[in-house]
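Got the viewer open? Load the model, set it to cartoon, and follow along from the whole chain down to one side chain.

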Amino acid sequence: RASDGPGRKVMHVGQEFVGQLIGKGGETIKAISRDTGARIEVSKDDRDTDRSVALSGNPEAVQRAFDAIEDVINKAKERLESRADKRSERRARSQSRGRDDRRDGDVGAM
């Protein structure tokens, strides 16, 4: 979601993705700003579920920054979904192993 104006955009980024967007020591957000020429400000208000990210500069720089931020967030979402899939796979495997163990135990009891 974004609100637009000439040379300015405000994006709303989910709280769970702000860390990836900023990067360690601010390196990711600084690189996006440096590479695109846009000024990027992330709101410090973390009470909401979303944080505001204000982009300003010439319209082309703002669009490049917007696209780069969307890329970072989409990659972070993919990693999050991939981790969730792996967790549910491990859970399913451990549950099926538990059932196998019980079956083996029943056989031994006979």
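Start with a contact map: of the contacts between residues at least 6 apart in sequence, 60% join residues at least 24 apart, with contact meaning heavy atoms within 4.5 Å. Keep in mind that this is a predicted model, where local features need pLDDT of at least 70, side-chain atom pairs count only at pLDDT 80 or more, and totals for chains, interfaces and linings use all residues. Numbering starts from 1 along each chain as its sequence is written, and side-chain values use heavy atoms, with hydrogens and water left out.

Now color by secondary structure. You get three helices and four strands, in the order β-β-α-α-β-β-α from the N terminus. These are DSSP runs numbered from the N terminus: helices are H or I, at least four residues, and strands are E, at least two.

Next, select residues 15–22, helix α1, together with α2: they pack at about 65°, axes 5 Å apart. That makes α1 roughly perpendicular to α2 (65 to 115 degrees; axes are lines fitted to C-alpha atoms over the stretch in contact, and angles run from 0 to 180 degrees between N-to-C directions). Show sticks for Gln20, Leu21 and Ile22 in α1, which meet Glu27, Thr28, Ile29 and Ile32 in α2.

Last stop: Thr36, in helix α2 (residues 27–36). Is Thr36 buried or exposed? Thr36 is buried, at 8% relative accessible area (buried is under 20%, exposed over 50%, with a 1.4 Å probe and protein chains only). The Thr36 side chain reaches the backbone oxygen of Ile32 at 2.7 Å. Leaving out residues up to four places away in sequence, Thr36 touches Ala61, Arg64 and Ala65.

Conventions: Polar contact = N/O pair within 3.5 Å; in protein donor to acceptor, adjacent residues only side chain to side chain. Parallel < 35°, antiparallel > 145°, perpendicular 65-115°, else oblique.
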